[in-house]
Amino acid sequence: MQVLMTTTQGLERRLEVAVPGEEVSTAVDQRLKQLARTVKLKGFRPGKVPFAVVRQQFGSQVHAETINDLMQSSFAEAVTQQKVRPAGGPRIQPIAMEPGSELRYAAVFEVLPDVAIKPLDTIAIERPAATIGDTDVEAMLENMRTQRPAYVAVERASKDTDRVTMDFEGRIDGEVFQGGKGEGMQVVLGAHQILPEIEQGLVGVTAGESKSVPTTFPVDYGASAVAGKQAQFDIKVTLVEERSLPTVDDEFAKSFGISEGGVEELRKEVRSSMEREVTNAIRSRVRDQLFDALYKDNPIELPQTMVDSQIQETQQQLARRIGAPDPSKLPNREALEPNARKRVALGLLVGEIIRAQNLKVDRAKVEERLENVLATHPNPEEARRQYLGSREAMGQLESAALEDQAIDWALTQVKIVDKPSTFSELTGFAQKT
């Protein structure tokens with residue numbers, strides 16, 4: 001096999017590979033002979049079809065299959081011989097592939113760049129430090145009460161936190177628009193579930209009251225047919241209900257899955273969950289600072305193949321999250337490329353740390369990752385069985401654990417300054433409530 005490699009531009013390489021005709025013919029004949037042992041043709045017993053007939057019937061197909069296999073194997077052999085690491089699959093340019101001749105083709109691909117990481121001791125990172133106090137736990141319990149409200153009908157005027165039931169009919173330019181009419185719609189005042197003008201118009205109303213409310217749809221409203229347009233809503237209030245929050249007692253604890261231990265056990269579970277959230281938030285902030293510094297201090301020439309692949313993966317994730325949207329609703333390539341380039345670069349930098357430090361997957365880290373995932377599932381044991389039975393899911397956990405190990409090592413090299421913080425500052429809990 002003859003191989004000639006040239007650099008076209010940047011990280012792009014062109015490999016021209018030639019496989020002798022004798023090798024091609026031998027590979028084709030071997031495959032035809034294997035086929036002859038099992039092939040069934042009318043007029044012949046299985047395995048008794050003359051080789052010349054097999055070649056006549058299947059020669060073109062077998063030659064094409066053999067050429068494909070030889071290109072894969074010879075390309076792998078060629079890049080090993082040239083000591084290069086492809087960043088992605090090659091673009092194949094056929095040169096000679098006719099039966100009876102040598103196989104000659106060119107493979108164009110990008111290679112992974114050489115990565116060298118500067119010493120990390122110049123990086124300074126602020127690490128938040130926070131503990132969960134009793135007041136934090138009680139604040140969370142109060143927030144949990146708001147998740148289990150009961151509503152009782154009242155005859156007074158509506159106020160914040162009440163639930164209002166209404167029938168409505170909306171018009172644009174005097175015509176009822178699609179989706180602009182409904183009955184029995186329930187709105188919790190202060191929850192910002194509907195257009196602000198309508199929510200404000202529902203404050204101070206009583207059951208049986210009707211009113212007309214002018215409003216303007218935001219320009220980025222989800223339904224493009226009404227986005228940015230002015231509308232008039234005729235509303236009839238059918239019910240006003242006052243919110244009542246449950247008492248924190250054993251029944252309340254049971255509603256959150258605490259079958260034994262009552263309120264005290266619930267407090268322990270809440271504290272444990274908050275501590276996990278704080279730990280994850282601290283690690284996330286430290287990780288982000290480390291990654292920002294690594295990316296800034298270690299510029300790398302990136303294979304466009306990997307950047308394009310990252311952009312495509314991001315678009316697919318967005319599409320799944322939104323639910324098969326109109327492609328025009330997704331961010332364009334230009335908007336996604338900066339973050340894609342950063343993710344690719346960080347993947348290469350973390351990979352270099354793993355390689356340079358000879359890090360191997362720590363099974364305890366994988367188990368820790370798995371336990372953190374299971375803690376969020378309603379049925380942890382069933383979720384564990386599903387994870388352990390999925391090679392792909394466990395592979396993702398192992399990759400994440402290995403990245404954690406690389407981060408842990410890097411953090412032993414940087415300067416870390418602890419900064420006092422609180423649960424609310426770290427998690428945004430105050431904003432959520």
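Glu16 stands opposite Ala106 in strand β4. The strands concerned are β2 (residues 12-19) and β4 (residues 103-110), which pair in the antiparallel sense over eight bridges. Two strands pair if DSSP finds at least two bridges between them. Helices (H or I, at least four residues) and strands (E, at least two) are DSSP runs, numbered from the N terminus.

This is a predicted model, in which local features need pLDDT of at least 70 and side-chain atom pairs count only at pLDDT 80 or more, while totals for chains, interfaces and linings use all residues. Residues are numbered from 1 along each chain as its sequence is written, and side-chain values use heavy atoms, with hydrogens and water left out.

**The four-stranded sheet**

Strands β1, β2, β4 and β3 form an open sheet in the order β1-β2-β4-β3, with antiparallel pairing. Its edge strands, β1 (2-9) and β3 (91-96), each pair on one side only. On average, neighbouring strands of this sheet are turned by 20° against each other, direction ignored. Helix α2 lies across β1, β2, β3 and β4 and runs at about 55° to β4.

**The helix pair**

Two packed helices are described by the angle between their axes and the distance between the axes. Helix α1 (residues 21-36) packs against helix α2 (residues 51-82) at an angle of about 125°, and their axes are 8 Å apart. That makes α1 oblique to α2. Axes are lines fitted to C-alpha atoms, for helices over the stretch in contact, and angles run from 0 to 180 degrees between N-to-C directions. Angles under 35 degrees count as roughly parallel, over 145 as roughly antiparallel, 65 to 115 as roughly perpendicular and the rest as oblique.

The residues in contact (heavy atoms within 4.5 Å) include Val24, Ala27 and Leu32 of α1 and Phe51, Phe58 and Ile67 of α2. By class, the contact of α1 with α2 has 12 nonpolar, three polar and seven charged residues. Here Ala, Val, Leu, Ile, Met, Phe, Trp, Tyr, Cys and Pro count as nonpolar, Asp, Glu, Lys and Arg as charged, and the others, Gly among them, as polar.

**Strands paired with β10**

Strand β10 (residues 230-244) pairs with β6 in the antiparallel sense. The table lists pairings of β10.

| Strand | Sense | Bridges | Opposite residues |
|---|---|---|---|
| β6 (residues 150-153) | antiparallel | four bridges | Ala153 and Glu241 |
| β7 (residues 163-172) | antiparallel | nine bridges | Thr165 and Leu239 |
| β9 (residues 210-216) | antiparallel | seven bridges | Ser212 and Asp234 |
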